[in-house]
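Here's a quick tour of one protein model, going from its layout to what sits inside. Take a look at it first.

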Amino acid sequence: MIQLSTALKTAEAFAKIKMRSYCEFKKYYVFRGAKPDQQLYGAIYTTVDRQTGAAGYMEDTALPLIRWRPIEE
């Protein structure tokens, strides 16, 4: 199981941007470059598999309706 700190480093290296918020699912961590209270339209989110650590992208879906957690700086 991949820890959040490792997943964050993987997501930032993969997407080449600083991540500012995330949410957790059973299979994936999902990251975005906006703060939790910022609205994004047409966004692409970065995912990291919690088992393998593989990074990828997810298109804009119902995720804006999810409660995003801030990433502490």
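## Layout

In what order do the elements of the protein run from the N terminus on? The order is α-β-β-β-β-β, so to speak a tally of one helix and five strands. Keep in mind that this is a predicted model.

## Size and packing

The radius of gyration is 11 Å, and that agrees with the value near 11 Å that a compact globule of 73 residues would have. Laid along its principal axes, the C-alpha trace spans about 30 × 25 × 20 Å.

Buried residues account for 36% of the 73. If you take the contacts between residues at least 6 apart in sequence, 45% of them join residues at least 24 apart.

## Cores

Which residues form the largest nonpolar core? There are 11 of them: Ile2, Ala7, Leu8, Ala11, Ala15, Met19, Tyr22, Tyr29, Phe31, Val48 and Ile71. Two elements, α1 (4-15) and β2 (28-32), each give two or more residues to this core, and α1 gives the most, with four.

Apart from that core lies another one of five residues, including Cys23, Val30, Ala43 and Trp68.

Tyr29, a member of the largest core, is worth a click. Leaving aside residues up to four places away in sequence, Tyr29 touches Ile2, Gln3, Leu4, Ala7, Cys23, Glu24, Thr46, Thr47, Val48 and Arg50.

## Surface and charge

On the outside, the protein exposes about 4,900 Å², with carbon and sulfur atoms supplying 52% of that area. As for charge, there are 11 positive and 8 negative side chains, and the centres of the two sets lie 3 Å apart.

Note on methods: Residues are numbered from 1 along each chain as its sequence is written. This is a predicted model: local features need pLDDT of at least 70, side-chain atom pairs count only at pLDDT 80 or more; totals for chains, interfaces and linings use all residues. Side-chain values use heavy atoms; hydrogens and water are left out. The radius of gyration is taken over C-alpha atoms; the globule rule is 2.2 Å times the number of residues to the power 0.38. Buried means under 20% relative accessible area, exposed over 50%, partly exposed in between (1.4 Å probe, protein chains only). Contact means heavy atoms within 4.5 Å. Accessible areas come from the Shrake-Rupley method with a 1.4 Å probe; for residues, only the protein chains shown count as cover. Lys and Arg count as positive and Asp and Glu as negative; His and the chain ends are not counted. The place of a charge is taken as NZ of Lys, CZ of Arg, CG of Asp or CD of Glu. A nonpolar core is a set of buried Ala, Val, Leu, Ile, Met, Phe, Trp, Tyr and Cys residues joined through side-chain atoms within 4.5 Å.
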